[in-house]
Amino acid sequence: MAKLIISRNGQVEQQIQLSKERMTLGRHPRNDIVLTHPAVSAEHAAIVTILDDSFLEDLHSTNGTFVNGHRIGKHFLQHQDVIAMAKFQLDFVADGIRPLAAAQPVLAEISILNGANAGKHVALTKPQTTLGRAGVQVVVIHRHPDFYTITHTEGEVAPLLNGTALDPRSAERLSHGDVIDLSGTTLAFRIA
């Protein structure tokens, strides 16, 4: 599990494990990582960790977030990156151990293949992920320990799975590479 080593004026103040998928950094006490300094914004930045990858995003802070001396908006963190916020230095240490790996033996995602959101990915990490538009067409993807299923839950017209209409009375097991047509939006199911 990756961690941050936080120091100020050369003195290490704390080490924080990146144990949650999204962790916020800032001056306000509600943040996961609190950095008490007037030059740190109330909600300064966030780190999102998906599998082995961590991404740092500046949350429109007043004084900016810097990685290895460069101001960033979003940044893919790599081992030994040095993050600067006000008087704080945060050293990113990646150890290659996935957070919650034991609890998530099979991980998958949906890739959007067409339309305005083409190229985007939706990680299927929750027990249920709902996709579609209410009143038009909705499916629910259920995450089981070793596989995923898809169920048509709403809409007059059934969505298609590999060209075949889904039966609203049953759940279909998904396989890597399956193509879902949801109200004209084409999605691909992929096991990570």
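Student: Why does R8 count as partly exposed?
Tutor: The relative accessibility of R8 is 23%, and the classes are buried for under 20% relative accessible area, exposed for over 50% and partly exposed in between, computed with a 1.4 Å probe on protein chains only, so R8 falls in the middle class. This is a predicted model, in which local features need pLDDT of at least 70 and side-chain atom pairs count only at pLDDT 80 or more, while totals for chains, interfaces and linings use all residues. Residues are numbered from 1 along each chain as its sequence is written, and side-chain values use heavy atoms, with hydrogens and water left out.

Student: What makes the meeting of the R8 and E13 side chains a salt bridge?
Tutor: The term requires a side-chain nitrogen of Lys or Arg within 4 Å of a carboxyl oxygen of Asp or Glu; here the N to O distance is 3.0 Å, so the pair qualifies. Its partner E13 is partly exposed because its relative accessibility is 41%.

Student: How do you know that K20 and D32 form a salt bridge, and where in the chain do they lie?
Tutor: Their closest N and O atoms are 2.6 Å apart, which meets the definition. The pair links distant parts of the chain, with K20 in the loop between β2 (11-17) and β3 and D32 in the loop between β3 and β4 (33-34), 12 residues apart; such strands are DSSP runs of E of at least two residues, numbered from the N terminus.

Student: Why is R30 classed otherwise than as buried, and what does it pair with?
Tutor: R30 has 53% relative accessibility and therefore counts as exposed, whereas E43, its salt-bridge partner at 2.8 Å, N to O, counts as partly exposed because its value is 40%.

Student: What makes F55 and F76 an aromatic pair, and what makes it tilted?
Tutor: Rings of Phe, Tyr and Trp (its six-membered ring) pair if their centres lie within 6.5 Å, and planes under 30 degrees apart count as stacked, over 60 as edge-to-face and the rest as tilted. The F55 and F76 rings are 5.4 Å apart, centre to centre, with 45 degrees between the planes, and so form a tilted pair. F55 lies in strand β6 (residues 53-58) and F76 in strand β9 (residues 74-77), so the pair ties together parts 21 residues apart in sequence.

Student: Why is the pair of Y148 and F189 called edge-to-face?
Tutor: Its planes are 65 degrees apart, with 5.5 Å centre to centre, so both the angle and the distance fit the definition. Y148 is in strand β16 (residues 148-154) and F189 in strand β21 (residues 185-191), so parts 41 residues apart in sequence are tied together.

Student: How do you know whether Y148 and F189 are buried or exposed?
Tutor: The relative accessible area is 1% for Y148 and 0% for F189, so both are buried.

Student: What makes the charged end of R173 count as sitting over the ring of F147?
Tutor: The rule asks for NZ of Lys or CZ of Arg within 6 Å of the ring centre and within 35 degrees of the ring normal. The charged end of R173 is 4.1 Å from the centre of the F147 ring and sits over that ring.

Conventions: Helix = DSSP H or I, 4+ residues; strand = E, 2+ residues; numbered from the N terminus.
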